[in-house]
Amino acid sequence: MGLVLYNTLTRKKEPFAPLDPANVRLYVCGPTVYDFAHVGNARPVVVFDTLFRLLRRTYGDNHVTYVRNITDIDDKIIKAAAENHESIDDLNERTIKLTERTTKAFHEDMDALGALRPTHEPRATQYIGQMIAMIERLLAANCAYVAAGHVLFSVVMKNDYGKLSRRDRDEMIAGARVEVAPYKKDPADFVLWKPSTPEQPGWDSPWGRGRPGWHIECSAMSEALLGETFDIHGGGLDLVFPHHENEIAQSECANRGAEFVRYWVHNGYVTVNGEKMSKSLGNFFTVRDLLENPIWPGEQHKKGESIRLALLSAHYRQPLDFSRDALQIHKQTLDRFYNALYEVKDVESRDDAAPEEITAALEDDLNTPLALSALHECATALNKAKHITAKAALKGALLAGGASLGLLQADPEAWRKGREIRGNVQLPLLTMTGHMTVGLIDPWVEDRIAARNAARKARNFGEADRIRDELTAKGIILEDKPGGKTEWRRTG
């Protein structure tokens, strides 16, 4: 079938055809490093890591360029550094120390989730010269202007401004999250460069000492590393407006109208009890907290892979409701996979190609729930296999299928340490918030019910019905009970 991706720009799924198959180019907005990453920040890392893996298998490891930036100059960072009680008087030095520390923590946390490092990881402060040069081109094209020490982009100069978010003018002004200052020609104009006070970090520029606006950073870094036009730009749904809308405007105006990005791909929100996870609301779990605190005793490597599995359990475009309790279910799923591999530890695996069902699911707009379903079927077949030839083939398929999702990379014997498993062990009945099982736990069914509950909370009834149909096709009957509980049973 070939890779198909949902393009936010066109609002439809489209076959993916790179500009240059010898250099497939992907850019994803990375973290603003002022604090630990929470699970909502981790979702795009895991989602686009999965896409990166798929692209490399399709086009070759050396033919995919993945850029994920580090925003290490931003007003949030300056504010956090100013509030930091380190014994450093210089705010600029405090800012540098803060970003170094949080960048290191980000790398450690994402490594724990099994995310590959991108091809390039530019830091905004390393590309100030490129940002200044792009702003100068925008001024020369009459798409920007200088006012009160600021340089601002003039949105009226971009006739199709708003084509990505499809917001009307009032919505754009209300949602721009920028100051409607008296020096702006239009309330929707946004900052390309702003002045810095003497104690704030800043760089010399034609418009005085200052620092870049947020949006210009990604435009300059992506152009420097991927060119004027590239294949895929990814990020969270919350970045569609204003950040990605503004990236399009400034990049296309700076490059004489040349198309900026061909496929825009956005992951849905992580929610807690149906409400978007965010630091401003205080309803978040940091990855660091989940890794270090006793969800279950020790076994940090298991926690990291369980978090990754949780983030893959729902389709990337759908909301994902997250809880600590659900991680136990995902760990049990991984226990089952690793136990299947352990039982054939003395069998040499054959082939290293992922099962066609997993590849087809991922090629269909990264349908990770369907891919995980196929992975379960592969583990079931491996557990039932009697002959060495079948075991070798199925072991290879399970390992390759897991690798395509960034899973099952640990040594099965190391995974099992401290835990007794005998074959297809029957797990005890477990009651979870929102649903319960009748009889024994099937981790995959639990994953799908959790995803369905999240879709229902988000009023995405089409996705909820799709998951029910998926379970029905597998012989699983759901019964919704009063109080929000769902019971399930097998047919036959």
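# Reading loops and helices in a predicted model

Me: Leu408 is placed in the loop between α13 (388-404) and α14 (412-416). What is the phi of Leu408, and is it positive or negative?

Reply: This is a predicted model, in which local features need pLDDT of at least 70 and side-chain atom pairs count only at pLDDT 80 or more, while totals for chains, interfaces and linings use all residues. Residues are numbered from 1 along each chain as its sequence is written, and side-chain values use heavy atoms, with hydrogens and water left out. Elements are DSSP runs numbered from the N terminus, helices being H or I of at least four residues and strands E of at least two. In this loop Leu408 has a positive phi of about 60°, although Leu408 is not a glycine.

Me: Is Leu408 buried or exposed, and where else in the model is there a positive phi in a residue other than glycine?

Reply: Buried means under 20% relative accessible area, exposed over 50%, and partly exposed in between, with a 1.4 Å probe and protein chains only. Leu408 has a relative accessible area of 3% and is therefore buried. Asn142, which is not a glycine either, has a positive phi near 65°, and its place is the loop between α4 and β5. At 52% relative accessibility, Asn142 counts as exposed.

Me: Asn142 comes after α4; how should I read the span of that helix?

Reply: The expected span is 1.5 Å times one less than the number of residues. Helix α4 covers residues 128-140, and for these 13 residues 18 Å should separate the end C-alpha atoms, which is the distance found in the model. Helix α10 (residues 324-342) can be read in the same way, since its 19 residues reach 27 Å from the first C-alpha to the last, close to the expected 27 Å. Of those 19 residues 15 are buried, so α10 is largely enclosed by the rest of the structure.

Me: Which residues of α4 are buried, and what do they pack against?

Reply: The buried residues of α4 are Ile128, Met131, Ile132, Met134, Ile135 and Leu138. Viewed down the helix axis they fall within an arc of 160° (taken from the directions from the axis to the C-beta atoms), so they line one face of α4. Contact means heavy atoms within 4.5 Å, and the buried residues of α4 pack against the strands β5 (144-147), β6 (150-153), β7 (190-195) and β8 (210-212), as well as the helices α6 (214-226) and α7 (240-254).

Me: Helix α7 also contains Pro242; what kind of peptide bond joins Phe241 and Pro242?

Reply: The bond between Phe241 and Pro242 is cis, with omega about 5°.

Me: How are α11 and α12 oriented towards each other?

Reply: Axes are lines fitted to C-alpha atoms, for helices over the stretch in contact, and angles between N-to-C directions run from 0 to 180 degrees; under 35 counts as roughly parallel, over 145 as roughly antiparallel, 65 to 115 as roughly perpendicular and the rest as oblique. The axes of α11 (residues 356-363) and α12 (residues 368-384) come within 8 Å and cross at roughly 175°, and the two helices are therefore roughly antiparallel. Their contact is made by Glu357, Ile358, Ala361 and Leu362 of α11 with Thr368, Leu370, Ala371, Ala374 and Leu375 of α12. Helices α2 (residues 75-83) and α3 (residues 91-112) have axes that come within 9 Å and cross at roughly 105°, which makes α2 roughly perpendicular to α3.
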